[in-house]
Structure formats: C-alpha cells, structure tokens
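Trainee: Could we go through this model together? I would like to learn how each label is earned.

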Amino acid sequence: SPWRLADELDPQKLYNAARNIEVAVWMLKSRRDADGALYLLTNETGGAVPNLSFERQFGQLIGLQDSTARIIAASTNRRVKNVIMSVASMVFLPI
C-alpha cells in the first residue's frame, strides 16, 4: 500500500506540541529578570499603533497544529485527549 503521511503522524503529539507552543509564548511574554524588566519584548503596545505580530504569528502556528491534529485524528479514527493545565503549573508536554 502507498505510504501515507497520516499514518506516520501522531495526533496527540501534534496537539501536545500546540500546547507547548502556548506555554513557550506565555513564558516569552511574561518572564522578568531580577529588576522586573521583561527578558524579551514580544509585543509593542506603547506606540500609536500596537504591534501584536508576535501574538498573531504564534496564534497561527498554534491553530495550524491544532487543525492538523484534528485532521490526522479523524483520518486515523483516533481521539485526541485534551490536556487541561493551569497557568500556575505550566510545563511542557511530551511529544
């Protein structure tokens, strides 16, 4: 039988990867040094026009991962187990 990409991809791992991206984005935009300054400026909100391109780019990436996980799960008749995490205990999921 011909090789199919859907057979090689694990929808749960794709879903977990999307959650890991969310955690990484949250860390990038919220972590501060000892002086209280952000380690990385991810968004510009102080100007006349807010620049939220960081949020948009990663939002698109997360949406793509989630959509791909749903498509692969549907094509392989598998179920993706949703993981509920609180902000206080954000950790990366295994992929």
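Trainee: Which residues of helix 2 are buried?

Mentor: In this predicted model, the buried residues of helix 2 are Pro11, Gln12, Leu14, Tyr15, Asn16, Ala17, Ala18, Arg19, Asn20, Ile21, Val23 and Val25. Helix 3 is among the elements that cover them.

Trainee: Arg19 is on that list. Why does Arg19 count as buried?

Mentor: Set the value against the cut-off: buried means under 20% relative accessible area. Arg19 has 9% relative accessibility, so Arg19 counts as buried. The side chain of Arg19 also has a partner, Asp66.

Trainee: What makes the link between Arg19 and Asp66 a polar contact?

Mentor: The limit for such a pair of N or O atoms is 3.5 Å. The side chains of Arg19 and Asp66 are joined at 2.9 Å, and a pair has to be within 3.5 Å, so the distance fits the definition.

Trainee: And why is Asn51 called partly exposed?

Mentor: Partly exposed lies between the two cut-offs, under 20% for buried and over 50% for exposed. Asn51 has a relative accessible area of 38%, so the label is partly exposed. Asn51 sits in the loop between helix 2 and helix 3. Leaving aside residues up to four places away in sequence, Asn51 touches Asn43 and Glu44.

Trainee: How do you know that the length of helix 2 agrees with its number of residues?

Mentor: Helix 2 has 20 residues, and at 1.5 Å a residue they should span 28 Å. The end C-alpha atoms of helix 2 are 29 Å apart, which agrees. At the start of helix 2, a side-chain oxygen of Asp10 comes to within 3.0 Å of the backbone nitrogen of Gln12.

Trainee: What makes a group of residues a nonpolar core?

Mentor: The members must be buried, belong to a set of residue types such as Ala, Val, Leu, Ile and Tyr, and be joined through side-chain atoms within 4.5 Å. The largest such core here has six residues: Leu14, Tyr15, Ala69, Ile72, Ala73 and Val80. Helix 2 and helix 3 each supply at least two residues of this core, and the largest share, three residues, comes from helix 3. A second, separate core of five residues includes Ile21, Val25, Phe54 and Ile62.

Trainee: Why is the whole pattern written α-α-α?

Mentor: The protein has three helices and zero strands, and reading along the sequence gives α-α-α.

Note on methods: Residues numbered from 1 in each chain as written. Predicted model: local features only at pLDDT ≥ 70, side-chain atom pairs only at ≥ 80, totals over all residues. Heavy atoms only, no water. Buried < 20%, exposed > 50% of the residue type's maximum accessible area, 1.4 Å probe, protein only. Helix = DSSP H or I, 4+ residues; strand = E, 2+ residues; numbered from the N terminus. Polar contact = N/O pair within 3.5 Å; in protein donor to acceptor, adjacent residues only side chain to side chain. Contact = heavy atoms within 4.5 Å. Expected span 1.5 Å × (residues − 1).
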